[in-house]
Every structure is written in structure tokens, then in C-alpha cells.
Amino acid sequence: MLILIRVLTPEEIIELYFFFLGILISTLTCFILAVFKIKASIHMIAASGFFMFAVALSIHYQININGTIALMMVILGAIATSRLHLKAHTPQELILGMFTGLVPQLMLLSYWL
């Protein structure tokens, strides 16, 4: 919240402002889920939020970063696989974490894209 208030303003770098706003929404959503004793993978929240931001930047600036996006998809799969292998999460918790990271970034796309 302090980054949004003190460091980044919508007038300076609008893309980063809405990226951090999406992170804040994901964090608050994760907190609310934790209050209700619903577990979500924070690793997946972070990785999928950044993935969606990279996709949005690619669309916004019309640049080809398909290799980076493909690598990030592989990293998302590796994170999910490792969390399952370590028995830290169930598949439902990973999917919930993925959507908790993706949805806020998707909701904010219309404001800066």
C-alpha cells in the first residue's frame, strides 16, 4: 500500500502502478481466504500474477516475448509440480492460488491497457 501511495502514482508509470495494485488485491484476497481457513498456494499467486502482467505488457507494447511467456508457463508448471511433490498443497489449492494471482491482474487490465 505504501508503494502505491508514496512511490508509484498512476501519473508516473501506469503499468507498474496497476501491477502493484493487483498484487495488493491478491494479497488481501489471500488474507481473507486464510481467515476463513482456506489454503491457497502463495507461490502460485505470485508466479501467476507476474505471468499475467508479462502477457499484458506484451499486448500493450505489441512486442513479441513469446519465448519468455513460454518459459514462465514452464516455471508455473515446475512450481505446481514441486508443491505437489512436497505434499505442501493439494491440486485444488494450487488452482485457487493460480486464479487468486491471475484474476486481479485481469480485472485491472482495462484500466491501463
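This report covers two helices, the core they help to build, and one buried threonine.

The model is predicted: local features need pLDDT of at least 70, side-chain atom pairs count only at pLDDT 80 or more, and totals for chains, interfaces and linings use all residues. Residues are numbered from 1 along each chain as its sequence is written, and side-chain values use heavy atoms, without hydrogens or water.

**Helices α3 and α4**

Helices are DSSP runs (H or I, at least four residues), numbered from the N terminus. The expected span is 1.5 Å times one less than the number of residues. The table sets this span beside the distance between the end C-alpha atoms.

| Helix | Residues in helix | Expected span | End C-alpha distance |
|---|---|---|---|
| α3 | 20 residues | 28 Å | 29 Å |
| α4 | 20 residues | 28 Å | 28 Å |

For α3 (residues 42-61), the two values agree. They agree for α4 as well.

Burial is judged by relative accessible area with a 1.4 Å probe, protein chains only: buried is under 20%, exposed is over 50%, and partly exposed lies in between. Buried residues of α3 include Met44, Ile45, Phe51, Met52, Phe53 and Val55. Small residues are buried there too, among them Ala47, Ser48 and Gly49. Their cover includes α2 (14-35), α4 (66-85) and α5 (91-112). Just after α3, glutamine 62 takes a positive phi of about 50°.

In α4, the buried residues are Ile69, Met72, Leu76, Ile79, Ala80 and Arg83. They cover an arc of only 90° around the axis, so they lie on the same side of α4. That arc is taken from the directions from the helix axis to the C-beta atoms. Asn66, Gly67, Leu71, Val74, Thr81 and His85 are exposed on the other side. The cover over the buried residues of α4 includes α3 and α5. Lysine 87 follows α4, with a positive phi near 55°.

**The nonpolar core**

A nonpolar core is a set of buried Ala, Val, Leu, Ile, Met, Phe, Trp, Tyr and Cys residues joined through side-chain atoms within 4.5 Å. The largest one has 24 residues, and Met44, Phe51 and Trp112 touch the most other members. α2, α3, α4 and α5 each supply at least two residues. The largest share, 8 residues, comes from α3.

Contact means heavy atoms within 4.5 Å. Leaving aside neighbours within four places in sequence, phenylalanine 51 contacts Ile69, Met72, Met73, Leu76 and Leu102.

**Threonine 100**

Threonine 100 sits in helix α5. Is this residue buried or exposed? Threonine 100 is buried, because its relative accessible area is 7%. Not counting residues up to four places away in sequence, threonine 100 touches Ser26, Thr29, Cys30, Leu33 and Ile45.
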